[in-house]
Amino acid sequence: MSDAPQLLFKNRRLGETTFLDGYQKTGGYQGLRKAFKEMTPAEVRETVKVAGLRGRGGAGFSTGLKWSFFPADQPGEKYLVCNGDEMEPGTWKDRELLKADPHQLVEGMIISAYALQAPVAYIFIRYAYEECSRNLEQAIAEAKAAGFLGKNILGSDYSLELHVHRSAGRYILGEETALLNGLEGKRPNPRSKPPFPAQRGLFDKPTTVNNVETIANVPHILSGGAQWYKGLALTDGGAGTKLYGLSGHLEHTPCVELPVGIPLRTLVEQVGGGVRGGRKFKACLPGGASTPFLTADQLDVAMDFDPIAAAGSRLGTGCVTVFDDTTCMVAATLNLNRFFARESCGWCTPCRDGLPMVNWLLEKIERGEGTMDDIAMLKDQQRNISGRSFCALAEGAMGPVESLLRLFMDEIEDHVKLGRCPLRTR
């Protein structure tokens, strides 16, 4: 894997941050120069669409298609917002990117804002990412001094204000409309859709929200071309490279950049060095805490959006958490659901009341006090919550619960039959 293409991490150096001089030496701001000197905003949008870039924040929606809903040709107040509120357990890729190479995001923001003809842009970043915030603020200052940002960029008639906004810190702020409320200084409840942010977003003006990793890909697409970018993937329907972060029961837990479509087995056995202590692989979350479990039978699945969906899960953020054969999957799911229940904004009943009920049932089963009726009630709760919540938080929380019921029913029933966790001695 040493010959795998490095786009997002090509300037990554252990313990160092690449600022303007170093960034330009490796091709930094060439994509921006091409956009401003050779391309119209519409051509930039079309190039990103043809390249097949899909959102790297979890949803996997086509970036170019999302941009096509935005009224780029409409004059007036418009916004681009970068979602850097990375708070999903097991996901830490955006932090690594911003620690290593903040100018990559700054360049991507300028190009993307130019493509959308938005005069103001915000980077909304997790409250705990203090080093990343400082890096971004320094990179923004350097970009302004070099003429890449501010008034009449590179002599054009386009100008951009770019701001860093520190989040107050709740998981719900990762939902794009809750983020917009938080950015406005309001309570971060999700908004009703429609209207969608592209029509009425930040301050009731047209707004597009994209993830850090998504926007950081844009300069490379312009520099290398749409077909080149698509060709980096290992799957026919894939495009580009992906940041994969590893955690859990592995010998090594790095964050790496590899082509979209790399087999899950390669990440676990080669990048992660295999399950720690020589134990067996039992399951994993393939894309963050809100994705359904995959088992050992699915280790050869390609880490791309469509193949993972066909396997019954989601690529999500692409950050994999591995569980070995000593793991109680009831306890693991309970741990995940406690997080989601705590982070609920309380706006809708399925999330506010349903997730604590799921916690109560899983706690009862894990203690060995559960009954078959409790298992039936857990199934009911999963069905009642899925697809019925106001936003995707509760839907995501049900990913591990649904797959627990589908893949590990024998283990759940053993808790009831034995009156204890089957992986624990009396």
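Me: Before I look at any network of charged residues, what is a salt bridge?

Reply: A salt bridge is a side-chain nitrogen of Lys or Arg within 4 Å of a carboxyl oxygen of Asp or Glu. Keep in mind that this model is predicted. Here R56, K93, D94, E213 and K242 are linked in a network of such bridges.

Me: Which side chains meet at 2.8 Å, N to O?

Reply: Those of K93 and D94, which form a salt bridge. Both K93 and D94 are buried.

Me: How many salt bridges does the structure hold?

Reply: There are 26 of them. Let's visit two that sit within helices. In one, R383 bonds with D380, and the closest N and O atoms are 2.4 Å apart. Both residues belong to helix α16 (residues 372–385), where they are three residues apart, about one turn of the helix.

Me: Are R383 and D380 buried or exposed?

Reply: In between, as it turns out. R383 has a relative accessible area of 46%, so it is partly exposed. D380 also counts as partly exposed, because its relative accessibility is 35%.

Me: Where is the other example?

Reply: Go to helix α17 (residues 392–407), which holds R406 and E402, four residues apart, about one turn of the helix. Their salt bridge has its closest N and O atoms 2.7 Å apart. R406 is partly exposed at 39% relative accessibility, and E402 is partly exposed at 24%.

Me: Now the strands, please. What is the order of the strands in the open sheet?

Reply: The four strands are arranged as β3-β2-β1-β4, with parallel pairing. At the edges stand β3 (161–166) and β4 (207–211); each has a single partner strand, so one side of each is left without a neighbour in the sheet. From one strand to the next, the twist averages 20 degrees.

Me: How many bridges join β2 and β3?

Reply: Six, with strand β2 (residues 120–125) and β3 pairing in the parallel sense. To find your place, look for F124, which stands opposite H165 in β3. You can then pick out helix α7 (residues 130–145), which lies across β2 and β3 and runs at about 165 degrees to β3.

Me: What joins the other edge strand, β4, to β1?

Reply: Five bridges do, and strand β1 (residues 79–84) runs parallel to β4. A useful landmark is L80, which stands opposite T208 in β4.

Me: Why is β4 described as largely enclosed?

Reply: Because five of the five residues of β4 are buried, the strand is largely enclosed by the rest of the structure. Buried here means under 20% relative accessible area.

Me: How should I read the two faces of a strand?

Reply: In a regular strand the side chains alternate between the two faces of the sheet. In β4, T207, V209 and N211 are on one side, while T208 and N210 are on the other. These residues are all buried, and both faces of β4 are covered.

Me: Let's finish at the surface. Which residues make a nonpolar patch there?

Reply: F61, L65 and F69 make a nonpolar surface patch of about 270 Å². Of these, L65 is placed in helix α4 (residues 63–68).

Me: Why can L65 belong to a patch?

Reply: Patch residues need over 30% relative accessible area and no salt bridge. L65 has 31% relative accessibility, so it counts as partly exposed.

Technical notes: Residues are numbered from 1 along each chain as its sequence is written. This is a predicted model: local features need pLDDT of at least 70, side-chain atom pairs count only at pLDDT 80 or more; totals for chains, interfaces and linings use all residues. Side-chain values use heavy atoms; hydrogens and water are left out. Patches are made of residues with over 30% relative accessible area and no salt bridge: like charges are joined within 9 Å, nonpolar side chains (Val, Leu, Ile, Met, Phe, Trp, Tyr) within 5 Å. Accessible areas come from the Shrake-Rupley method with a 1.4 Å probe; for residues, only the protein chains shown count as cover. Helices (H or I, at least four residues) and strands (E, at least two) are DSSP runs, numbered from the N terminus. Buried means under 20% relative accessible area, exposed over 50%, partly exposed in between (1.4 Å probe, protein chains only). Two strands pair if DSSP finds at least two bridges between them. Axes are lines fitted to C-alpha atoms, for helices over the stretch in contact, and angles run from 0 to 180 degrees between N-to-C directions. Contact means heavy atoms within 4.5 Å.
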